[in-house]
Amino acid sequence: MESFLGLLRAAAEDTRLRILARVSRHLKLLVEGGLLERFREAQFTRFRLVSGGDDAALVREFVRRLDPKHPRLAADRARLDALQQRRQTAAVRFFRDNAQRWDELRALHVADREIERSLAHHLPVGARRLLDIGTGTGRLLEVLAPKVERAVGIDQSREMLALARANLARAGIDNAEIRQADMYALPFEADSFDVVTIHHVLHYADDPAAALAEAARVTRPGGVVLVVDFSPHDLVELKREHAHVHLGFADNQVQGWLRSAGLNPLDPLHFPGRRLMTGIWRGEREISHRAARSAAHHGAAR
């Protein structure tokens, strides 16, 4: 009851209700009241509606009940739309300037949709939280976020982050968030995700083994790490024209990294393309006997 009253006190003011609909000022009070949560992104601090805990549904119901046609809220919405449009325009320009190079690369390997279908098929049953490392345009989140309760995409490029946010908004994906983060130092606690995807990222990595170890750290027991990348190839021009660090990976190489990260490697999948073979390597985090007994005990208690 005290928590409920605290939520009502924080929201019971016209200005703060406007802010709750379109995050702006009075952020400290809204965070302390449990309406918003914040996180660091490089030198910036980002805020969003609280997404976890018993109060999240109540907060979203607050926002849902606000009248979007109210003059003040409509004006706030118009200003926000204009700001997002400017950011999206800059991101689209960045993507357009590099699109020809990416299109040339896509022509060499299997169609993206075939890979996406396979990834969706190999999501663990009952997966709730997903992390996409190196999310780029957010395409994989568009495909996989509807299949889980909550999804997070991280990337280092601010241009890509802006484009991913715009793409997810356009697709109506409201259970995914985008954050700027380093794949070697993920800003998440251990055992946070049921699925971690790393889609065409490792060939850019200076230390793929370290990236996979960090992915394994945030994967829950029973969860899985899904790696998509190229099998070994001799297209040395990809290093010069696309900044690839590695010319693909062998099965035993990736499986060795997964095993070193504490994951159980599953059989890899291969997808031939015109000049590049794409592989999906899967590593499963085993459930310890103690964790299994605990889960069985809680299930029996319910």
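This passage walks through the overall make-up of a predicted model and then through several of its helices, strands and loops.

At the level of the whole chain, the predicted model contains 12 helices and 10 strands. The chain has 302 residues, of which 43% count as buried. Its exposed surface comes to about 16,300 Å², and carbon and sulfur atoms supply 51% of that area. Among contacts with a separation of 6 or more, 65% are between residues 24 or more positions apart.

A good place to begin a closer look is strand β7, residues 219–230. Nine of its 12 residues are buried, so β7 is largely enclosed by the rest of the structure. Two pairings of this strand can be followed in the model. With β6, residues 193–199, the pairing is parallel and extends over six bridges. Here isoleucine 198 is found opposite valine 227 of β7. With β10, residues 277–284, β7 runs antiparallel, and seven bridges join the two strands. In this second pairing, valine 225 faces glycine 283 of β10. The connection from β6 to β7 also deserves a glance: together with helix α9, which covers residues 208–217, the two strands form a right-handed β-α-β unit.

Helix α6 brings several of these elements together. Within its span of residues 112–121, the buried positions are Ile115, Glu116, Ser118, Leu119 and Ala120. These buried residues pack against strands β6, β7, β9 and β10, and also against helix α7. Leucine 144 belongs to α7, and its relative accessibility of 0% means that it counts as buried, the cut-off being under 20%. Leaving aside residues up to four places away in sequence, leucine 144 touches Leu119, Ala120, Leu123, Leu130 and Thr197. Leu119 and Ala120 in this list are buried residues of α6. The C-alpha atom of leucine 144 is separated by 9.8 Å from that of alanine 176, although the two residues are 32 apart along the chain.

Two further helices show how buried positions are arranged. In α4, residues 56–65, the buried residues are Ala56, Val59 and Phe62. They cover an arc of only 120° around the axis, and therefore lie on the same side of α4. The other side of α4 carries the exposed residues Ala57, Arg64 and Arg65. Helix α8 is made up of 14 residues, 158–171, and spans 20 Å from its first C-alpha to its last, close to the 20 Å expected at 1.5 Å a residue. Its buried residues are Met160, Leu161, Leu163, Ala164, Ala166, Asn167 and Leu168. Just after α8 comes glycine 172, with a positive phi of about 75°.

Positive phi values also turn up in residues other than glycine, on either side of β6. Aspartate 191, in the loop between β5 and β6, has a positive phi of about 60°. This residue is partly exposed, with a relative accessible area of 33%. Histidine 200, in the loop between β6 and α9, has a positive phi near 50°. Histidine 200 is buried, as its relative accessible area is 15%.

Methods: Residues are numbered from 1 along each chain as its sequence is written. This is a predicted model: local features need pLDDT of at least 70, side-chain atom pairs count only at pLDDT 80 or more; totals for chains, interfaces and linings use all residues. Side-chain values use heavy atoms; hydrogens and water are left out. Buried means under 20% relative accessible area, exposed over 50%, partly exposed in between (1.4 Å probe, protein chains only). Helices (H or I, at least four residues) and strands (E, at least two) are DSSP runs, numbered from the N terminus. Contact means heavy atoms within 4.5 Å. The arc is that of the directions from the helix axis to the C-beta atoms. The expected span of a helix is 1.5 Å times one less than its number of residues. Accessible areas come from the Shrake-Rupley method with a 1.4 Å probe; for residues, only the protein chains shown count as cover. Two strands pair if DSSP finds at least two bridges between them. A crossover is right-handed if, with the strands pointing away from the viewer, the path from the first strand over the helix to the second runs clockwise.
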